[in-house]
Amino acid sequence: MNKEQVEGKWSQLMGKVQAKWGKLTHDDVTVIAGRREQLHGKLHELYGITKEEAEKELAEMEKSSP
């Protein structure tokens with residue numbers, strides 16, 4: 001899924017993102033709005049995971065989304 005597709009499907013992915021990473025608030029996911037770099041940064045800040053780890057987990061989520 002490319003950048004535009006993620007941003008376009010963000011409303012569908014928001015729930016999955018919040019369920020997976022519970023420390024993200026509704027405000028966090030609203031501000032991120034599908035922008036991967038912002039999501040990576042926030043996940044690093046809250047969980048200490050690398051960009052690569054975050055990208056891998058996000059890609060897995062995207063594969064499971066219709």
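Helices H4 and H5 (residues 51-64) pack against each other at an angle of about 120°, their axes lying 9 Å apart. Angles from 65 to 115 degrees would count as roughly perpendicular and those over 145 as roughly antiparallel, so H4 is oblique to H5. The crossing in which H4 passes H5 is right-handed. On the H4 side, the contact is made by Arg36, Glu37, Leu39, His40 and Leu43. Their partners on H5 are Lys51, Ala54, Glu55, Leu58 and Glu62. Please keep in mind that this is a predicted model.

Let us look at H4 by itself. How far apart should the ends of this helix be, at 1.5 Å a residue? With 12 residues, 36-47, the expected span is 16 Å, and the end C-alpha atoms are indeed 16 Å apart, so the two values agree.

Which residues of H4 are buried? They are Arg36, Leu39, His40 and Leu43. Viewed down the helix axis, these buried residues fall within an arc of 100°, so they line one face of H4. Arg36, Leu39, His40 and Leu43 also appear among the H4 residues that touch H5. The other side of H4 carries Glu37 and Glu45, which are exposed. Of this exposed pair, Glu37 is named in the contact with H5. Just after the helix comes Gly48, whose phi is positive, at about 75°.

Now for a visit to the other end of the chain. Lys9 sits in the loop between helix H1 (3-8) and helix H2 (10-20). Is Lys9 buried or exposed? Its relative accessible area is 29%; since buried means under 20% and exposed means over 50%, Lys9 is partly exposed. Lys9 also has a link to H5 in space: its C-alpha atom is separated by 9.4 Å from that of Glu62, although the two residues are 53 apart along the chain. Glu62 is one of the H5 residues in contact with H4.

Here are the helices whose residue ranges have come up so far:

| Helix | Residues |
|---|---|
| H1 | 3-8 |
| H2 | 10-20 |
| H4 | 36-47 |
| H5 | 51-64 |

Stepping back to the whole protein, there are 5 helices and 0 strands, and the elements run α-α-α-α-α from the N terminus on. Of its 66 residues, 32% count as buried. Among contacts between residues at least 6 apart in sequence, 44% join residues at least 24 apart.

Terms used:
Residues numbered from 1 in each chain as written. Predicted model: local features only at pLDDT ≥ 70, side-chain atom pairs only at ≥ 80, totals over all residues. Heavy atoms only, no water. Helix = DSSP H or I, 4+ residues; strand = E, 2+ residues; numbered from the N terminus. Expected span 1.5 Å × (residues − 1). Buried < 20%, exposed > 50% of the residue type's maximum accessible area, 1.4 Å probe, protein only. Arc of directions from axis to C-beta. Axes fitted to C-alpha atoms, helices over the stretch in contact; angles between N-to-C directions. Parallel < 35°, antiparallel > 145°, perpendicular 65-115°, else oblique. Left-handed = near helix turned anticlockwise from the far one by under 90°. Contact = heavy atoms within 4.5 Å.
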